[in-house]
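Visitor: I have a model open on my screen and would like to learn how to read it. Could you walk me through it?

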Amino acid sequence: KIFNSIDDDRSGSITINEFKDHMSDAKMQAYFESFGLDASDVWTLFKLLDMDTGAVIELDEFVSGCLRLKGNAKGLDMAKLCY
């Protein structure tokens, strides 16, 4: 449901522009914060979710990326260091 609400053009993938447009929404920020993710750094979060570096986030990348980064800031910090 969250993925589909970000995917404005229903292409099955999320572009950086779609991601940025929705990250200012309080509901979207709350969603990511519920995973313990800092939604304020949109570009870094997008890059970390875009696991195949294809410049778009597909559904499987979105789900697995959120689960991989889930937790307190340590998960996101470690991912940033590895990137």
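Guide: Gladly! Keep in mind that this is a predicted model. Let's begin with the largest nonpolar core, which has 20 residues. Those with the most contacts inside it are Phe-19, Met-23, Phe-32, Leu-45, Leu-49 and Phe-62.

Visitor: Which helices supply at least two residues of this core each?

Guide: In general, nonpolar side chains tend to be buried together in soluble globular proteins. Here, helices H1 (2-6), H2 (16-23), H3 (26-34), H4 (42-49) and H5 (59-69) each supply at least two core residues. H4 gives the most, with 5 residues.

Visitor: Is H4 enclosed or exposed, and why?

Guide: A residue counts as buried when its relative accessible area is under 20%. Because 6 of the 8 residues of H4 are buried, the helix is largely enclosed by the rest of the structure. The buried ones are Val-42, Thr-44, Leu-45, Phe-46, Leu-48 and Leu-49.

Visitor: What is Leu-49 in contact with?

Guide: Setting aside neighbours within four places in sequence, Leu-49 is in contact with Phe-19, Phe-32, Ile-57, Glu-61, Phe-62, Gly-65, Cys-66 and Leu-69.

Visitor: Now a charged residue, please. Where is Asp-7, and is it buried or exposed?

Guide: Look in the loop between H1 and strand S1 (13-15). Asp-7 has a relative accessible area of 2%, so it is buried.

Visitor: What does Asp-7 touch there?

Guide: Not counting residues up to four places away in sequence, Asp-7 touches Gly-12, Ser-13, Ile-14 and Glu-18. The C-alpha atoms of Asp-7 and Glu-18 are separated by 6.6 Å, although the two are 11 residues apart along the chain. Also, a polar atom of the Asp-7 side chain lies 3.2 Å from the backbone nitrogen of Ser-11.

Note on methods:
Residues numbered from 1 in each chain as written. Predicted model: local features only at pLDDT ≥ 70, side-chain atom pairs only at ≥ 80, totals over all residues. Heavy atoms only, no water. Core = buried A, V, L, I, M, F, W, Y, C linked by side-chain atoms within 4.5 Å. Buried < 20%, exposed > 50% of the residue type's maximum accessible area, 1.4 Å probe, protein only. Helix = DSSP H or I, 4+ residues; strand = E, 2+ residues; numbered from the N terminus. Contact = heavy atoms within 4.5 Å. Polar contact = N/O pair within 3.5 Å; in protein donor to acceptor, adjacent residues only side chain to side chain.
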